[in-house]
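Here is a set of short exercises to work through with the structure open beside you. Try each task before you read its solution.

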Amino acid sequence: MRVALLEDDRPQAEMMRTWLVEAGHDVQVFVQGKALVRELGRDSYDLVVLDWMLPDIDGIQVLKWIREHVDWPMPVLFVTGKDEEDDIVQALDNGADDYMVKPVKRMEMLARLKAVSRRAIAQDEGQKILEFGVYTVDLTTRAVLLNGQPIELTQKEFDLTVLLFRGAGRVLSRGHILESVWGRSPDLNTRTVDTHVSRIRNKLDLRPEHGWQLKAVYQHGYRLEPVEVPAT
């Protein structure tokens, strides 16, 4: 997953970042709440880990902003030193998915992070054949079919197709797509994303008649949206 970690204690932030990276996640660390809010306004993440006590705005304010402005129920895990029952209730009532009190343990944190993500995101981890209306995605053979007819895709086009369908309804930033499909590479830029999205749109014939449309979201990225097909 692509994780935003808000923690102003730098040794604590580095420790948690290391745990998450070693578990296979991409992590961006923020030390101020306002910096995270600005980033969430222009980039996309799969999950946010929030501290409460910060040098500018507190974690609850950040949480409220997320619930008001992010266009899907992004999982939020609080990791904080505040351990009063009222604090925990306040965080959960304002939309936090889980709450951990410092000091945190590595395996427990990773397990809770996985659990909140599993609850918030439609899971198809055990499935090899995914159905998206008239589109079928075979993860074993790495094939995509439209009404049963195979579509010729490159490896990266297939990976991008899977990312878009699994993230349907969400705005995915160009940076998010680039990291998820190509990984971190100084030789690539977001024009690579635009080129491949254009190819995907054409090759998959993504249009309302097929139940989907792939929209560019100005200054953000792209969103694949289901469209109700009129009855004939």
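A helix here is a DSSP run of H or I with at least four residues, and helices are numbered from the N terminus. The model is a predicted one, so please read each solution with that in mind.

**Exercise 1. Place Glu157 and describe its surroundings.**

Start with the address: Glu157 sits in helix α6. Next, check its exposure. The relative accessible area of Glu157 is 2%, and buried means under 20%, so Glu157 counts as buried. Finally, look for its partners beyond four places in sequence: Glu157 contacts Glu152, His196, Arg199, Ile200 and Lys203.

**Exercise 2. Decide whether Arg142 is buried, partly exposed or exposed, and find what it touches.**

Begin with the location, which is the loop between β7 (135-138) and β8 (143-146). The relative accessible area of Arg142 is 39%. Partly exposed covers the range between the 20% and 50% cut-offs, so Arg142 is partly exposed. For its contacts, leave out residues up to four places away in sequence: Arg142 then touches Gln155, Phe158 and Asp159. As a last step, take one of these partners, Phe158, which is 16 residues away along the chain; the two C-alpha atoms are 6.9 Å apart.

**Exercise 3. Work out the strand order of the five-stranded sheet and identify its edges.**

Trace the sheet from one side to the other, and you get β2-β1-β3-β4-β5, an open sheet with parallel pairing. The edges are β2 (26-30) and β5 (98-101), each of which pairs on one side only. Between neighbouring strands of this sheet, the average turn is 20°, ignoring direction.

Now go through some of the pairs:

- β1 and β2 run parallel and are joined by five bridges; in this pair, Leu5 stands opposite Val29 of β2.
- β1 and β3 also pair in the parallel sense, over four bridges, and here Leu5 stands opposite Val49 of β3.
- β3 (residues 47-50) and β4 (residues 76-80) pair in the parallel sense over three bridges, with Val49 opposite Leu77 of β4.

**Exercise 4. Explain why β1 is described as largely enclosed, and follow the chain from β1 to β2.**

First, recall the general pattern: in a regular strand, side chains alternate between the two faces of the sheet. Then sort the residues of β1 by direction. Arg2, Ala4 and Leu6 point one way, while Val3 and Leu5 point the other way, and all are buried. Five of the five residues of β1 are buried, so the strand is largely enclosed by the rest of the structure.

Now follow the chain: it leaves β1, passes through α1 and reaches β2, making a right-handed β-α-β crossover. Helix α1 (residues 10-22) lies across β1 (2-6), β2 and β4, and runs at about 165° to β2.

**Exercise 5. Find the order of the three-stranded sheet and see which elements helix α7 packs against.**

Take the sheet first. The order is β10-β12-β11, an open arrangement with antiparallel pairing. Its edge strands are β10 (172-173) and β11 (212-217), each pairing on one side only. Between β10 and β12 (residues 221-226) there are two bridges, and the strands run antiparallel; Leu172 stands opposite Tyr222 of β12.

Turn next to helix α7 (residues 174-182). Its buried residues are His176, Ile177, Leu178, Glu179, Val181 and Trp182. These buried residues pack against β1, β2, α6 (155-166), β10, α8 (190-203) and β12. Just after α7 comes Gly183, with a positive phi near 80°.

**Exercise 6. Judge how compact the whole protein is.**

Count the elements first: the protein has eight helices and twelve strands. The radius of gyration is 19 Å, close to the 17 Å from the globule rule for 232 residues, so the protein is as compact as a globular protein of that length. Along the principal axes, the C-alpha atoms fill a box of roughly 55 × 45 × 35 Å.

Then consider burial and contacts. Of the 232 residues, 45% count as buried. Among contacts with a separation of 6 or more, 54% come from residues 24 or more positions apart. To finish, look at the surface: the protein exposes about 12200 Å², and carbon and sulfur atoms supply 48% of that area.

Notes:
Residues are numbered from 1 along each chain as its sequence is written. This is a predicted model: local features need pLDDT of at least 70, side-chain atom pairs count only at pLDDT 80 or more; totals for chains, interfaces and linings use all residues. Side-chain values use heavy atoms; hydrogens and water are left out. Two strands pair if DSSP finds at least two bridges between them. Axes are lines fitted to C-alpha atoms, for helices over the stretch in contact, and angles run from 0 to 180 degrees between N-to-C directions. Contact means heavy atoms within 4.5 Å. Buried means under 20% relative accessible area, exposed over 50%, partly exposed in between (1.4 Å probe, protein chains only). A crossover is right-handed if, with the strands pointing away from the viewer, the path from the first strand over the helix to the second runs clockwise. The radius of gyration is taken over C-alpha atoms; the globule rule is 2.2 Å times the number of residues to the power 0.38. Accessible areas come from the Shrake-Rupley method with a 1.4 Å probe; for residues, only the protein chains shown count as cover.
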